[in-house]
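Q: Please take a close look at a single residue of this protein and then set that residue in the context of the fold around it.

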Amino acid sequence: MSKIVNVKFDVKHYKYDKPFHITGSISSETRNVEVEVLLESGAKGCGEAAPSFRVNGEKVEMLTALEAYVRDLLVGLDVRQYRKIFEITDKLFAVPSLKAAIQYAVLDALGEETDIHVYQLLGGALKEIETDKTVGIDTIENRVREAKKIFDSGFRVIKIKVGENLKEDIEAMLEIYKVTKGAKYIVDANMGYTPKQAVEFAQQVYRAGIDIAVYEQPVVWSDIEGLKFVRFHVPFPVAADESAKTKFDVMRLIREEAVDYVNIKLMKSGISDALSIVELARSANLRLMIGCMSESSVGINQSVHFALGTGAFDFHDLDSHLMLQEPEFRGKFIQNGAKIIGY
């Protein structure tokens, strides 16, 4: 009854409420690929891939071209042996967002059949988490206005995108602080700074008396030495995002002592590598946060259940669905402002 009898892909199109601007990228819409796994019992599991060319080199067309191959790969396999399925789908390393969607859909189907929520299958460590909300790159005035709106709506962790104009970024940070005192800040440069610029930003902000909880991916993903330089020359914890796609990337970051935090995104790693990264980080005494790409509520659901199940994260950056125009909310969780609660 637990064997897979069919796998289907479906492309979904979403528009952002407003253009979302990060270093080197402005997005006004996204196309995601939903993956449905059907069992012989009739139980269905659903996952979502949000492909990113900027991070993973993926295009939607790459994923949809693999539908028949994935179906042939999975039909006949038993979701109760999901680790075996993880090993098979780990070979999809060129399309990690698809790997994540498939692996989650398998867990979701198992959960539907056994009446156990996925976060419980993954350990059931927590019942509730708190997400941040993001301020994209914009004029200083608009950034300040958006940050105040986020703070006034009850979010106490604010993510601030920087990386295209050092002088404006510093000024924006100083002004945001004035209207959001009491908030925690995650500052994300998305690889936009040189190591020296990254240090300059941190020093200026520190001198102004502002604390940054996490200083995320200040330099280009391949510059591990630069990342390490920033880590040892700024007073804030430094995180790897684009530099930490797989468990092997994280092993190198640990070996090089390059970061304090790793930002796990299922779209970069899949479920299988993300589980490995959690254990690597715990062994090396690294801290963890969990983030997202452009997932709808279906895709964010995956990261919510992963976070609730493992209980591994200091910060949860799970807000992409709050930026998209969705016809209906389809997450298997309760959203109450910044609070995210498992059923």
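A: In this predicted model, Gln-103 has a relative accessibility of 0%, and because the cut-off for a buried residue is under 20%, Gln-103 counts as buried. The residue belongs to helix H5, which covers residues 96-114. If residues up to four places away in sequence are set aside, the contacts of Gln-103 are Phe-86, Thr-89, Asp-90, Gly-270, Ile-271 and Ser-272. Gln-103 thus has partners numbered in the eighties and at 90, and others, Gly-270, Ile-271 and Ser-272, that carry much higher numbers.

The contacts of the protein as a whole give a setting for this list: among those between residues at least 6 apart in sequence, 74% join residues at least 24 apart. Burial can be set in context in a similar way, since 54% of the 343 residues of the protein count as buried. The exposed area of the protein comes to about 14200 Å², of which carbon and sulfur atoms supply 50%.

Helix H5, which holds Gln-103, is part of a secondary structure that comes to 13 helices and 15 strands. Eight of the strands make up an open sheet with parallel pairing, in the order E5-E6-E7-E8-E9-E10-E11-E12. Its edges are strand E5 (133-135) and strand E12 (315-316), each of which pairs on one side only. At the E5 edge, three bridges join E5 in parallel to strand E6, residues 157-161, and Lys-133 stands opposite Ile-158 in E6.

Elsewhere in the sequence, strand E2 (residues 25-39) and strand E3 (residues 44-49) pair in the antiparallel sense over six bridges, with Leu-38 having Lys-44 in E3 as its bridge partner. E2 and E3 form a hairpin with four residues between them, and Gly-42 in the turn has a positive phi of about 100 degrees.

As for overall dimensions, the C-alpha trace spans about 60 × 40 × 35 Å along its principal axes. The radius of gyration of the protein is 20 Å, which agrees with the value near 20 Å that a compact globule of 343 residues would have. The charges complete the picture: the mean positions of the 43 positive and 50 negative charges of the protein are 1 Å apart.

Notes. Residues are numbered from 1 along each chain as its sequence is written. This is a predicted model: local features need pLDDT of at least 70, side-chain atom pairs count only at pLDDT 80 or more; totals for chains, interfaces and linings use all residues. Side-chain values use heavy atoms; hydrogens and water are left out. Helices (H or I, at least four residues) and strands (E, at least two) are DSSP runs, numbered from the N terminus. The radius of gyration is taken over C-alpha atoms; the globule rule is 2.2 Å times the number of residues to the power 0.38. Buried means under 20% relative accessible area, exposed over 50%, partly exposed in between (1.4 Å probe, protein chains only). Contact means heavy atoms within 4.5 Å. Accessible areas come from the Shrake-Rupley method with a 1.4 Å probe; for residues, only the protein chains shown count as cover. Lys and Arg count as positive and Asp and Glu as negative; His and the chain ends are not counted. The place of a charge is taken as NZ of Lys, CZ of Arg, CG of Asp or CD of Glu. Two strands pair if DSSP finds at least two bridges between them.
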